[in-house]
Amino acid sequence: MTRRSVILGAGAYLPERVVTNDDLAKQMDTTDEWIVQRTGIRQRHVAAEGEFTSHLAAKASERALAAAGVKANEVDLIVLATTTPDETFPATATRVQAMLDITRGAAFDVQAVCAGFVYALAVADNFIKAGQAETALVIGAETFTRILDWNDRGTAVLFGDGAGAVVLRAAYGDRGVLSTHLHSDGRTHDALYVDGGPSSTGKVGHVRMAGKEVFKHAVSKLAQVIQEALDANGMAAKEIDWLVPHQANRRIIDGMAEKYGLPKEKVVVTVDRHANTSAASVPLALAEAIGDGRIKPGQIVVIEAIGGGLAWGAALVRM
Ligand code: COA
């Protein structure tokens with residue numbers, strides 16, 4: 001029997017404050033119509049002053065642990081994907097570890113921007129498969145609005161804050177993460193990056209994006225990596241029960257669904273309600289669809305994401 005990582009439960013947390021497209025239209029030259037038409041986004045959540053990535057992550061993690069029926073002290077690995085850590089160091093994962101009162105195992109961050117959750121899932125899955133961890137908390141958490149340039153309408157309207165988490169447990173059988181597929185191509189740096197950092201400018205910096213270029217890359221690279229995941233498991237697209245895509249843009253999501261002949265009933269979409277929450281987007285969508293009973297044990301789920309780097313990836317999971 002193969003040792004695999006089974007998703008025992010998922011949880012999500014969104015900050016209380018909601019900012020609608022109309023709210024943004026009062027402070028910049030944009031409209032609800034433009035944003036909805038180009039992206040499908042209607043609103044985003046924004047963290048309160050003093051509310052950090054670790055706070056959102058800890059809340060999502062508590063909910064994931066409760067849903068999984070797992071006690072915090074059973075966790076021996078925390079992998080947290082974020083682009084907006086509380087501090088340059090230590091890893092935000094260690095803050096979450098302390099908040100959850102976990103004193104064993106290892107906790108560290110993974111940085112792959114919007115693909116971060118897929119990367120973190122792959123890392124944790126490999127630790128579990130190698131026998132180096134039994135129970136892992138995999139988190140995607142962001143206070144992404146803190147790195148936006150509110151004078152740049154081309155990016156400011158696209159992102160939001162939030163966190164999602166899943167609990168993985170080692171088990172022997174057919175269920176669990178069946179494969180993960182990671183890619184990056186640093187030559188495409190200029191399409192999406194932050195113009196600052198501790199080593200370059202000493203300042204945090206702001207998101208810079210060539211929207212059309214990112215769109216083009218997203219459509220082709222996500223299609224390729226979904227196919228790679230299907231091929232690796234000898235599966236056809238019609239065997240996918242659920243596509244849980246990165247929630248960046250409704251048009252990209254619809255494009256993937258169409259390419260693989262998936263009806264909209266098989267695609268989890270949350271981007272309208274919380275915009276692009278970067279590393280948090282996939283676990284937020286997963287937590288919603290597991291929590292409301294749409295995703296059921298035994299079903300085949302494909303997750304995918306792409307972001308700055310460019311870095312992208314997919315995972316195929318039997319729930
Ligand atoms: N409101 C109103 N108008 C806006 C606007 C906004 N928020 N942002 C840009 N515009 C304007 C532009 O200034 C431009 O005007 P111009 O023609 O007078 O110069 C026009 O709208 C078209 O801009 P363009 O950037 O060509 O639009 P687009 O059709 O490519 O849509 C995105 C822009 C960002 C929605 C689209 O490129 C996209 O979704 N890209 C992928 C982004 C993404 O998902 N990134 C994250 C990946 S992790």
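**The ligand site and three unusual backbone spots**

Leu-310 lies in the loop between strand 12 and strand 13 (311-318). Helices (H or I, at least four residues) and strands (E, at least two) are DSSP runs, numbered from the N terminus. The model is predicted: local features need pLDDT of at least 70, side-chain atom pairs count only at pLDDT 80 or more, and totals for chains, interfaces and linings use all residues. Residues are numbered from 1 along each chain as its sequence is written, and side-chain values use heavy atoms, with hydrogens and water left out.

The peptide bond leading into Leu-310 from Gly-309 is cis, with omega near -10°. Another cis peptide bond joins Phe-89 and Pro-90, where omega is about 0°. Pro-90 belongs to the loop between strand 4 (77-81) and helix 4 (92-99). Val-113 stands out by its phi, near 45°, a positive value in a residue other than glycine. Its loop runs between strand 5 (106-110) and helix 5 (116-129).

Now the ligand. Its shell holds 21 residues, counted as near if one of their heavy atoms lies within 4 Å of the molecule. The closest are Thr-30, Arg-38, Arg-153, Lys-212 and Asn-249. By class, the shell divides into nine nonpolar, eight polar and four charged residues. Here Ala, Val, Leu, Ile, Met, Phe, Trp, Tyr, Cys and Pro count as nonpolar, Asp, Glu, Lys and Arg as charged, and the others, Gly among them, as polar.

Consider the polar contacts, pairs of N or O atoms within 3.5 Å. A side-chain N or O atom of Asn-249 is 2.6 Å from a ligand oxygen. A backbone N or O atom of Gly-211 lies 3.0 Å from a ligand nitrogen. For Trp-34, a polar side-chain atom is 3.4 Å from a ligand oxygen. The protein covers 72% of the 960 Å² of accessible area that the ligand has on its own, by the Shrake-Rupley method with a 1.4 Å probe.

Which elements give two or more residues to the shell? They are helix 2 (32-39), helix 6 (153-156), helix 7 (211-232) and strand 12 (300-307). Helix 7 gives the largest share, four residues. Domain 1 (3-174) and domain 2 (177-318) each supply at least three shell residues; these bounds come from an automatic or database domain assignment.

Terms used
Polar contact = N/O pair within 3.5 Å; in protein donor to acceptor, adjacent residues only side chain to side chain.
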